[in-house]
Amino acid sequence: MQYQFNQIEKDWQKYWAENKTFKAKDNSAKPKYYVLDMFPYPSGAGLHVGHPLGYIASDVYARYKRLLGFNVLHPMGYDSFGLPAEQYAIQTGQHPAVTTKMNIEGGIDKQGNVIPGYRNQLDKIGFSFDWDREVRTSDPNYYKWTQWIFKQLFNSWYNKDADKAEKIDILIEQFKSKGNADVNAVCDDVATFSAADWNSWNEEQQQKMLLNYRIAFLSDTWVNWCPALGTVLANDEIKDGVSERGGHPVEQKLMRQWSMRITAYAERLINGLEGLDWTDSVKDIQRNWIGKSQGASVKFKVLSPTLSKGEGEATPKYLTGDAAIGHLLLDNAKEMRRNPTEAESVLWIHLKGKKLDVKFRRQHPIDSYIADFVCLDKKLILEVDGKIHDLQKEADEARTERLNELGYEVLRFKNEDVLADIDTVITKIATILAQRPSIKDEAKVLPFGKDLGWEVSVFTPRPDTIFGVSFMVLAPEHELVDVITTPEQKAEIEAYKKAASLKSERDRQSDIKNITGAFTGAYAIHPFTGDKVQIWIGDYVLATYGTGAVMAVPCGDQRDWDFATHFGIEIKNIFKDKDISAAAYTEKDAIITDSDFLNDLPAKEAIKKAIAEIEKRGFGKGKTQYRLRDAVFSRQRYWGEPFPVYYKGDVPYLVDDKDLPIVLPEVEKYLPTEDGKPPLGRAKNWAYKVLPSGKDLGWEGPIELNTMPGWAGSSWYFLRYMDANNDNEFVAKEKVNYWKNVDLYIGGAEHATGHLLYARFWTKFLYDLGYIPFEEPFQKMINQGMIQGNSAKAIKLLTHVYIADINNNINTPQIDACEIPEFFISSDLLEKLEDNDIDLSVKIKERLNNLGRAIKQQNPEKIGELDFAPNASYSIYIPINYVKNNILDYEDLKENNHQFNRAEFICNENGDFIVEREVEKMSKSKYNVQTPDELVEKYGADTLRCYEMFLGPLEQHKPWDTQGITGVHGFLKKLWRLFHSGENESFYVDETPILKSVVGGPPPSGELEGDEGALKSLHKTIKKVKEDIERFSFNTPVSAYMICVNELTAQKCNKRAILEPLLIILAPYAPHIAEELWAKLGNKESITYAVYPKYNEAYLVESNHKYPVSFNGKMRFVLELPTALTPTEVEKEVLANEQTTKYLEGKTPKKIIVVPQKIVNVVV
RNA sequence: GCCCAGAUGGCGGAAUUGGUAGACGCGCACGACUCAAACUCGUGUUCUAACGAGUGCGGGUUCGAUUCCCGCUCUGGGUACCA
């Protein structure tokens, strides 16, 4: 009987589904094991052979664990929200829910394309998934709980003292009783307030304060906004300042968005990595991403230009803030500029750009205050009240008094006035302005610069090198740049700033060689030495990182060294006995010198001492800095989870648990609205009804228009599998307590900084709140390598067509492009052609001429001549199914592919057309995609499973090549034949038991034969396969199976006692054939839960060992000796051997090394 | 630049703690079966005519190195004027 894999596989897949063979029990006496594949996005293109690679490995492991007696959880589902479905919806108008469903379940789409369906494709490969636990992130029953978790994040804050997230209620209690002075939280910058302050605030003020603490919070973030697309773009979606798709302009825009305070977990996310069984490379990627650096923040006072020049230079007139608290004011001003109230925004529109003929500044520091708007020239301040001003009437009065003292007039407006009648407000301002004198007319400058004591704050990981500071560099965008630049340097600085702003982020990053910068003319004071230190700006300093400023230590930092060298700035050497004439000394192992109290200390101790001293003298402190930013959690998209959030004014509130899920509404279009709101802005009745309760009177609040990002649903899906159908909780406590975290997680390393970091963050958060009993989601992870396509390309010659008229003038041809033949040349001929092989050129020319003549005959008025350029050719992709062994079946290609109907193929001497091969990513456009379906059809799922594993180590990238698949298929056929040794290949096994003498006991001495040989083959394989699977070496067991089957075939073994255990160990790799033969052996239960055979060392014991004998490490011959011999006896035997004499060439051996059961080495 | 991983026949790869380099499979060659082809089976296959050489290159440690150490080259991935 033949191995009819198609029928067998269909039957068993049906059996497994009907009997729910792989259903996992949620509690069991068996030990648990959780094997998970990374959540797939169900794309319309379906699976190619690269996708199931990881699934096959995890399935092998899951099946293996079941055989070992584990209760295995092995689920599958879909991360079904996402951009492609939305993009497709925009293009075709089909609801993403419809196309997503079809991508999973299969069908025929509106365009008539047949969609195979992920599930159908997966089913054909014979995976042992527990499909009753399937989840889809876009299913309201699933995202109900994503929304619920969001609510928990919103209702939590991070308590640094407890080092964990806590409920926000705890925080509110503290605010009520003690204010925020004692609260040690990870939060935005907030001013200190008292309990009295808190209690006096209204609901809105309190809520706004709480947003600064919540783990899910609203904040204004700079984003790449593309107005034409109505969406925010990621950095890599932008090329040369325009959107990659469509080439639309992109602008930086402040946008109010949801963020996640992942930074609170930075330290725990780094520390947690230690205990994880992941590859070092993924751990390193996460460590780099979090980017922890320890050091100190140090403040440098800025010397006034006046003092620096020593000649009474006028203070810049716009420097009006109180120098002592300047940096604070500036930071506040910056912050407030980003968060203008509506009234402020309206007023600003009418003031900015000298609309009233004078320059207004907004949120500008004056003395120790920040004025909402100020016209310095006319000394007029405009205040718009309504935020917190109501609370501090008294403070306002004091403020006005002080400002009046300074010669300012203060005009106050109310929010309502501005919003209700801006014209009246503007008229009033214009009137006052007209009355006030301009200070330009006055002789003296502003008097307020008590001293220019601005400070530049920097972070340094090397405070030990502080005595090596010889200059400072600010980012060109740094707030202080305008403030401190001296008039002489103004022009240069402005020019540099402009140049820097014109460079794209990419340009600034890639241009490392060009050292650029400009001197501000200002100096800072070295906090220890009191020396004057030049302040420069340079675009190698990034405004977005740290404080946007560095203290430059040219002797210890290469970029600083380059900068100093380039601009001829002094380089101090503070490292003992280190040469810094050619480059900076960047190692952390030098002894510090010329550094006052740090002298003679090694760097590490110097760091500690420097921090202590900096803190003691009060101009800085020890600090740990992270590169990690809070994660933006809003997307201006349709196809994602809606937020369970509605607004009362601009304050967000959560919807009630009982109203979850907030279901994604229907919209007529999936595009942003005309006024730039996200697609949900198109939804009708998109509001949350707050029902009358208590004193609340029932009203409607608009629901959030953004949706959640892709990582929301995938950050916790592994928990849902434990309890996929629970309507009351996201996961029942007893279930998560049983299953705990994922034991083996398989998927691509490309998720290292996305999914894998966010999922860890959410897991830690849920742990903090006590919902789950573990902190890390994925204990062991394997990153499978990409299966690359093996593209085929045909070389196309460049042909010319030209017409020469009577006067031999060459004209542009007036012929139809369709009539020009396309010449392709076998790739092995190309070289000849390039070498000007005359024969070949002549041959091709002749063919061209013939063709030209033929065409000319038909169209005498049209055609001129055809020619080709031997050195000009290019390659075009050929669908790989027309290629076998690099030979193109061009007749077949021409017949089936109209693209090639004008093609002429020039073959080599053997009449073959050879294509070029290239290993690259599998993609439709490269015609190199191999779907698993065709292979399953042709060879069967078991063959595909074994072959994908056989290709090589799971983690490695490898090219796909179907040629080898026949070998694996042959192995399964050979296995089948072992069981069909009866007449006419009918099923037959020998039921006689194994020789008693060898069961359990040591085998009889001498050459093993018959049963002993079969036992040895079997047990060697049991051992090898078990060890290999356990160390996740999935490719080597396949070889072991092959060797075993080859040996058993050679031995003509047909004993049940040998073949039955073999089936069990093979079942994880080739489950269908194993089940079939297992059933044929008379077993009634599925092989899934059979018992993995134990290997017996006794069968592997050899009586003889073939000793390789080497001379000076070079193997010369093999000598078979009994294993029982002692090393001395072995030595004797070797010396006595005549071959030894031959290789000794009469010399006496110096030494003989005998490693028992291994080798003999003779040293001559 | 920095961090990580890797480099072995014509190809995919094996060699788990230093002990016969090239298992297993593909491909290729030859042979058997067949009228023939396919399938299947068998034999051979690192290079070299041979002596010998040989695991990216150059050194080192060792009786012995694909394996350990030092220095490089190349490939892939990550990351980036990160202070």
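Reader: Hi! Before we look around, what does "buried" mean here?
Author: Happy to start there. A residue counts as buried when its relative accessible area is under 20%. Keep in mind that this is a predicted model.

Reader: Great. How many residues of strand β40 are buried?
Author: In β40, which covers residues 1104-1111, 6 of the 8 residues are buried, so the strand is largely enclosed by the rest of the structure.

Reader: And which strands does β40 pair with?
Author: One partner is β41 (residues 1114-1122), which runs antiparallel to β40 and is joined to it by 8 bridges. Another is β43 (residues 1159-1163), paired with β40 in the parallel sense over 3 bridges.

Reader: Which residues stand opposite S1110?
Author: In β41, M1115 stands opposite S1110. In β43, N1161 stands opposite S1110.

Reader: What about the turn between β40 and β41, how many residues are in it?
Author: The hairpin has 2 residues between its strands, and N1112 takes a positive phi near 50 degrees there.

Reader: You mentioned N1161. Which part of RNA strand B is close to its side chain?
Author: A base oxygen of RNA strand B, at 2.7 Å from an N or O atom in the N1161 side chain.

Reader: Ooh, RNA! How many residues surround strand B?
Author: There are 50 residues around RNA strand B, and the closest are P461, Y540, Y545, R559 and L951. By class, that surface has 20 nonpolar, 15 polar and 15 charged residues.

Reader: Which helix gives the most to that surface?
Author: Helix α34, residues 1036-1050, gives the most, with 5 residues.

Reader: Which RNA atoms are on the protein side, sugar and phosphate or bases?
Author: A mix. Of the RNA strand B atoms within 4 Å of the protein, 61% belong to sugar or phosphate, and the rest to bases. For a phosphate example, the side chain of N1035 has an N or O atom 2.9 Å from a phosphate oxygen. L951 uses its backbone: an N or O atom there lies 2.4 Å from a sugar or linking oxygen.

Reader: Changing topic: where is T1140, and is it buried or exposed?
Author: T1140 sits in helix α38, residues 1138-1144. Its relative accessible area is 0%, so T1140 is buried.

Reader: What does T1140 touch?
Author: Leaving aside residues up to four places away in sequence, T1140 touches F1111, F1117, V1134 and L1135. With V1134 there is also a polar link: its backbone oxygen lies 2.5 Å from a polar atom of the T1140 side chain. As for V1109, 31 residues apart from T1140 along the chain, the two C-alpha atoms are separated by 8.7 Å.

Reader: Can we visit β1? How many of its residues are buried?
Author: 6 of its 6 residues, so to speak of β1 (residues 32-37) as mostly covered is fair.

Reader: Why would both faces matter for a strand?
Author: Because in a regular strand the side chains alternate between the two faces of the sheet. In β1, K32, Y34 and L36 are on one side, Y33, V35 and D37 are on the other, and all are buried. β1 runs parallel to β2 (residues 71-73), joined by 3 bridges, with K32 opposite N71.

Reader: Last one: what order do the strands take in the sheet with β5?
Author: The order is β6-β5-β7, an open sheet with antiparallel pairing. Its edge strands are β6 (164-167) and β7 (185-186), each pairing on one side only. Helix α7 (residues 168-178) packs on the sheet, touching β5 and β6, and its direction makes about 75 degrees with that of β6.

Note on methods
Residues are numbered from 1 along each chain as its sequence is written. Chains are lettered from A and ligands numbered from 1 in the order in which they are written. This is a predicted model: local features need pLDDT of at least 70, side-chain atom pairs count only at pLDDT 80 or more; totals for chains, interfaces and linings use all residues. Side-chain values use heavy atoms; hydrogens and water are left out. A residue is near a molecule or strand if one of its heavy atoms lies within 4 Å of it. A polar contact is a pair of N or O atoms within 3.5 Å; within protein, one must be able to donate a hydrogen and the other to accept it, and residues adjacent in sequence count only if both atoms are side-chain atoms. Helices (H or I, at least four residues) and strands (E, at least two) are DSSP runs, numbered from the N terminus. Ala, Val, Leu, Ile, Met, Phe, Trp, Tyr, Cys and Pro count as nonpolar, Asp, Glu, Lys and Arg as charged, and the others, Gly among them, as polar. Two strands pair if DSSP finds at least two bridges between them. Contact means heavy atoms within 4.5 Å. Axes are lines fitted to C-alpha atoms, for helices over the stretch in contact, and angles run from 0 to 180 degrees between N-to-C directions. Buried means under 20% relative accessible area, exposed over 50%, partly exposed in between (1.4 Å probe, protein chains only).
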